[in-house]
Amino acid sequence: MIACDRCEDWFHGDCIGMDKYTGENLVQKYICPNCSDGERHVTRYKKMCSLEGCVRPARIYDPREPSIFCSEEHCQTWWEQLIATLPRTKGTNQFDFLTQEEFMGLLDTPQRRSGEKGAAWRLGDKPFGVSDDFWETVDLKKALTAEERSILDTSAAERYALGEEIVLCKKMLQLIDMALKRREAAIAAGKGTAKDLCGYDVRLDTVGVSHQFGAFLQSSAGEAIFKAGRLDAPLPLPPTNPDGNAAENNTDPFTAGMCLKKKCKPHVGWSAIMIKSAKHSIKELAAQAREKLAAEARVRDSAAGRFRRKRVENNSVVVYDSDPAMEDAE
Ligand SMILES: [Zn+2]
Ligand SMILES: [Zn+2]
Ligand SMILES: [Zn+2]
Ligand SMILES: [Zn+2]
């Protein structure tokens, strides 16, 4: 018997053509033929499980974990049936379809969500995601192919080199700053005016050329300058002058090595130009390093996803050293 939601009359299933199972399980709200207007007032049925052939109601109203399936089991079966429709390996139209392997990488497997035993698969928050401590606990030789290890090692070395270049650029900025401070000191000592004095220092010549600047840093003059944090620490080199007519043997401690020309054309705007260029380089280098880091993370994430799936599927792990091609361990 089922009650009409409007008139509250009771009806035999047989009389209204409704079987017992439907009446007990699938009806959300029953409206009897007398009360039904065919539009607003009609019988509403519960959403059924999305697994084909299943006639149980879906648990969409379950407050804990709403689902379009009747059960975790049917959710799992649904995903498995979907995966089974995908090719196991890349065919000729290799970019048209994901393989089963690739697709499973997009799923968040129950094993990953710790503490949720028996939970079903669903799409992951991030493809190939792994738990935070995965890389601390896993055997790298098992989780990464030889090729992946080589890619990661190379990339890390390249990032290290980029980091060293960034350090060089920062030292360039320091040297420019020292030159500016010394120029100010020279002006304070009456060697020129803030408006006119060029102040370019001959030891800025290698700034902007990484390998030459690196060599300068390792020279005794460069080492002394950076140890003292000031340009007049060691004996300055004889000044080079763009038009060649200046004091070759300037030994004035305030200005040795410094261009003393007034309104010097060849060095016009030297500090602003050099600072801008060094800062730009730092930005570029940092962006390159970030890109490499992101690419490394993608390699690691996909490897981790694959490793985890293999362990789940086979309860064993394929060691890729012997065979770098990804073969099914069957
Ligand atoms: Zn009724
Ligand atoms: Zn009846
Ligand atoms: Zn079901
Ligand atoms: Zn100059």
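Four donors count as tetrahedral if all angles lie between 85 and 135 degrees. This criterion is applied below to zinc sites in a predicted model.

The zinc ion (ligand 4) is held by three cysteines and a histidine: C198 (SG), C259 (SG), C264 (SG) and H267 (ND1). Their distances to the metal run from 2.0 to 2.3 Å. The 4 donor atoms subtend angles of 104 to 119 degrees, so the arrangement is tetrahedral. For reference, the ideal angle for four tetrahedral donors is 109.5 degrees. Along the chain, the donors of ligand 4 follow the spacing C-x60-C-x4-C-x2-H. Both C264 and H267 are buried.

K263 belongs to the loop between helix 9 (220-228) and helix 10 (270-314). Its backbone stands out: K263 is not a glycine, yet its phi is positive, at about 45 degrees. Most residues other than glycine have a negative phi. K263 counts as exposed because its relative accessibility is 61%, against a cut-off of over 50%.

The zinc ion (ligand 3) has the protein donors C49 (SG), C54 (SG), C70 (SG) and H74 (ND1). These atoms lie 2.0 to 2.3 Å from the ion. Angles among the 4 donor atoms span 95 to 118 degrees, and the site is therefore tetrahedral. The spacing here is C-x4-C-x15-C-x3-H.

C70 and H74 are both buried. For C70, the relative accessibility is 9%; the residue is classed as buried because the limit is under 20%. C70 sits in the loop between strand 4 and helix 3. The C-alpha atoms of C70 and K47 are 9.6 Å apart, with a separation of 23 residues along the chain.

M48 is found in the loop between strand 4 (44-45) and helix 3 (72-84). With 34% relative accessibility, M48 is partly exposed. Together with Y21 and V55, M48 makes a nonpolar surface patch of about 240 Å².

The zinc ion (ligand 2) is coordinated by H12 (ND1) and C15 (SG), at 2.1 Å. Water is not among the atoms, so sites may look incomplete. H12 is partly exposed, with a relative accessible area of 49%. C15 reaches 60% and is exposed.

E8 lies in the loop between strand 1 (2-3) and strand 2 (10-11). Phi of E8 is near 60 degrees, a positive value in a residue other than glycine. The relative accessible area of E8 is 60%, and the residue is exposed.

Helix 7 covers residues 146-188, 43 residues in total. From its first C-alpha to its last, helix 7 reaches 63 Å. That is close to the 63 Å expected at 1.5 Å a residue. Just after helix 7 comes G190, with a positive phi of about 80 degrees.

Key
Residues numbered from 1 in each chain as written. Chains lettered and ligands numbered in written order. Predicted model: local features only at pLDDT ≥ 70, side-chain atom pairs only at ≥ 80, totals over all residues. Heavy atoms only, no water. Donors = N, O, S within 2.8 Å, 3.2 Å for Na, K, Ca; no water. Buried < 20%, exposed > 50% of the residue type's maximum accessible area, 1.4 Å probe, protein only. Tetrahedral: all angles 85-135°; square planar, octahedral: opposite > 155°, others 65-115°. Patch = residues over 30% accessible without salt bridge, like charges linked within 9 Å, V, L, I, M, F, W, Y side chains within 5 Å. Areas by Shrake-Rupley, 256 points an atom, 1.4 Å probe, with all protein chains shown as cover. Salt bridge = Lys/Arg side-chain N within 4 Å of Asp/Glu carboxyl O. Helix = DSSP H or I, 4+ residues; strand = E, 2+ residues; numbered from the N terminus. Expected span 1.5 Å × (residues − 1).
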